[in-house]
Amino acid sequence: MQIANNTAVSIHYTLTNDAGEELDSTAGGEPMVYLHGNDNIISGLEKALHGRDVGDKFNVRIDAADAYGEFSEDMIQVVSKEMFDGIDELEIGMQFHAAVNSGSGVITVTKVDGDDITIDGNHPMAGQALNFDVEIVAVRLATKDEKSHGHIHGSGCNH
Ligand code: ZN
């Protein structure tokens, strides 16, 4: 079965940056399963998978714009410590989910200077081209529920 919109696709992949460093991999574990055509994965990878078949193996390099976006200085802000109500000690590298802003929805503390906290809303992989080494393990039609929810129901989905 070919990959088309509303198919459930299982892939094994290894992700490296242009320096050849491995950033992520499913090797030795469970494949990643996603619902094709629903923005479950980065757009460049979804495009590269479209129309392919079970057993296909390929490499693809995806520009930052089609991966986690270009790095944006505008996503870096200095805010008051009061923004982080209930957190005793703020440290560099702490991550929070932000309800505001566009972007990844995750902010990272990059500098702590007294009450001035510098936060970065860029995705940790923003500004990077990503190289995927992919093998398509399985393709099946999504169920009605999966289609209406816009994601796959498997292990880790409890409803
Ligand atoms: Zn669901």
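**View A. Threonine T7 and what surrounds it: leaving aside its neighbours within four places in sequence, T7 is in contact with M1, Q2, Y34, L35, H36, V139, R140, L141 and A142.** Contact here means heavy atoms within 4.5 Å. Before you look further, note that this is a predicted model, where local features need pLDDT of at least 70 and side-chain atom pairs count only at pLDDT 80 or more, while totals for chains, interfaces and linings use all residues. Residues are numbered from 1 along each chain as its sequence is written, and side-chain values use heavy atoms, with hydrogens and water left out. T7 sits in strand 1, which covers residues 7–16. Helices and strands are DSSP runs numbered from the N terminus: helices are H or I with at least four residues, strands are E with at least two. T7 counts as buried because its relative accessible area is 1%. For all these views, buried means under 20% relative accessible area, exposed over 50%, and partly exposed in between, using a 1.4 Å probe and protein chains only.

**View B. The start of the chain, with M1 and N6 in the segment before strand 1.** M1 touches T7, R52, D53, V54, V139, R140 and L141, not counting residues up to four places away in sequence. One of these partners, R52, is 51 residues from M1 along the sequence, yet their C-alpha atoms are 8.6 Å apart. M1 counts as partly exposed because its relative accessibility is 46%. N6 is partly exposed too, at 28% relative accessibility. Have a look at the backbone of N6: its phi is near 65°, a positive value in a residue other than glycine.

**View C. D39, in the loop between strand 3 (32–35) and helix 1.** Here is another positive phi: D39 has a value of about 55° although it is not a glycine. Is D39 buried or exposed? D39 counts as exposed, because its relative accessibility is 65%.

**View D. A48 in helix 1, which spans residues 43–49.** At 15% relative accessible area, A48 is buried. Leaving aside neighbours within four places in sequence, A48 is in contact with F58 and V60. For a sense of scale, take N59: this residue is 11 places from A48 along the chain, and their C-alpha atoms are separated by 9.2 Å.

**View E. The largest nonpolar core, a set of 21 residues.** A nonpolar core is a set of buried Ala, Val, Leu, Ile, Met, Phe, Trp, Tyr and Cys residues joined through side-chain atoms within 4.5 Å. I11, L45, L49, F132, V134 and I136 have the most contacts inside this one. Strand 1, helix 1, strand 4 (57–62) and strand 9 (130–141) are the elements that give two or more residues to the core. Which of them gives the most? Strand 9 does, with 5 residues. Now zoom in on I11, which touches T26, P31, M32, L45, L49, V134, E135, I136 and V137, not counting residues up to four places away in sequence. There is also a second, separate core of 8 residues, with F84, L90, F96 and I119 among them.

**View F. A98, in the loop between strand 6 (95–97) and strand 7 (106–113).** A98 is partly exposed because its relative accessible area is 21%. Not counting residues up to four places away in sequence, A98 touches G105 and I107. Compare A98 with N5: the two are 93 residues apart in sequence and 30 Å apart in space, C-alpha to C-alpha.

**View G. Stepping back to the whole chain, with its 2 helices and 9 strands.** Along the sequence, the pattern runs β-β-β-α-β-β-β-β-β-β-α. The domain assignment gives domain 1 (7–68 + 127–147) and domain 2 (73–120); such bounds come from an automatic or database assignment. The centres of domain 1 and domain 2, taken over C-alpha atoms, are 30 Å apart. Measuring along the principal axes, the C-alpha atoms fill a box of roughly 55 × 40 × 30 Å. Of the 159 residues, 33% count as buried. Among contacts between residues at least 6 apart in sequence, 61% join residues at least 24 apart.
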